[in-house]
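Subject: Structure handover

Hi,

Here is the structure for you to look over. My notes follow below it.

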Amino acid sequence: MKKSYVNETSLVVNVTIDLGEIGQLIEILEPMIGGETRNWRAEELLRKLKDLRRETVDEAKREFESLATRY
């Protein structure tokens with residue numbers, strides 16, 4: 001019998017979330033950044049969410065442009 005340990009902080013979960021909800025999460029996290037005490041976890045999460053939003057918008061733009069050139 002083999003046993004393995006999965007570190008719960010490295011577990012990957014796929015979640016469906018719309019672009020508006022990503023924007024709301026960003027709005028909630030932004031006030032936590034730049035205060036007297038730095039919250040590095042909030043900063044990292046905010047950076048990842050902004051990257052995700054940018055990538056999602058870029059991908060949607062490419063899809064729409066592809067559709068527009070086909071028809």
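In which segment is Asp18 found? Asp18 sits in the segment before helix 1. One caution before the rest: this is a predicted model.

**Asp18**

Is Asp18 buried, exposed or partly exposed? Its relative accessible area is 43%. The limits for partly exposed are 20% and 50%, so Asp18 is partly exposed. I also checked Asp18 against Asn7. Eleven residues separate Asp18 and Asn7 in sequence. In space, their C-alpha atoms are 28 Å apart.

**Overall form**

The protein has two helices. It has zero strands. The radius of gyration is 18 Å, while the globule rule gives 11 Å for 71 residues. The value is well over that of the rule, so the protein is more spread out than a compact globule. Along the principal axes, the C-alpha atoms fill a box of roughly 50 × 50 × 15 Å.

**Burial, surface and charge**

How much of the protein is buried? Buried residues account for 10% of the 71 residues. The exposed area of the protein is about 6,800 Å². Carbon and sulfur atoms supply 55% of that area. On charge, the protein has 12 positive and 14 negative charges. The mean positions of these two sets are 7 Å apart.

**Largest pocket**

The largest pocket has a volume of about 310 Å³. Which helices contribute to its lining? Helix 1 (19-29) and helix 2 (40-70) each supply at least two residues. Helix 2 gives the most, with eight residues. The lining includes the following:

- Val15, Ile17, Leu25 and Leu29
- Trp40, Arg41, Ala42 and Glu44
- Leu45, Lys48, Leu49 and Leu52

**Leu45**

One of the lining residues is Leu45. Where does Leu45 lie? Its place is in helix 2. Its relative accessibility is 42%. That value falls between the 20% and 50% limits, so Leu45 counts as partly exposed. Leu45 and Ile22 are 23 residues apart in sequence. Their C-alpha atoms are 11 Å apart in space.

**To recap**

The model is predicted. The protein is more spread out than a compact globule. Helix 2 gives the most to the lining of the largest pocket. Asp18 and Leu45 are each partly exposed.

Best regards

Conventions. Residues are numbered from 1 along each chain as its sequence is written. This is a predicted model: local features need pLDDT of at least 70, side-chain atom pairs count only at pLDDT 80 or more; totals for chains, interfaces and linings use all residues. Side-chain values use heavy atoms; hydrogens and water are left out. Helices (H or I, at least four residues) and strands (E, at least two) are DSSP runs, numbered from the N terminus. The radius of gyration is taken over C-alpha atoms; the globule rule is 2.2 Å times the number of residues to the power 0.38. Buried means under 20% relative accessible area, exposed over 50%, partly exposed in between (1.4 Å probe, protein chains only). Accessible areas come from the Shrake-Rupley method with a 1.4 Å probe; for residues, only the protein chains shown count as cover. Lys and Arg count as positive and Asp and Glu as negative; His and the chain ends are not counted. The place of a charge is taken as NZ of Lys, CZ of Arg, CG of Asp or CD of Glu. On a 1 Å grid over the protein atoms alone, a cavity is a set of points where a 1.4 Å probe fits but cannot get out, and a pocket is an open set with protein on both sides within 12 Å along at least five of seven lines; lining residues have an atom within 4 Å of a point. Grid points are joined across faces, edges and corners, and a volume is the space filled by probe spheres set on the points.
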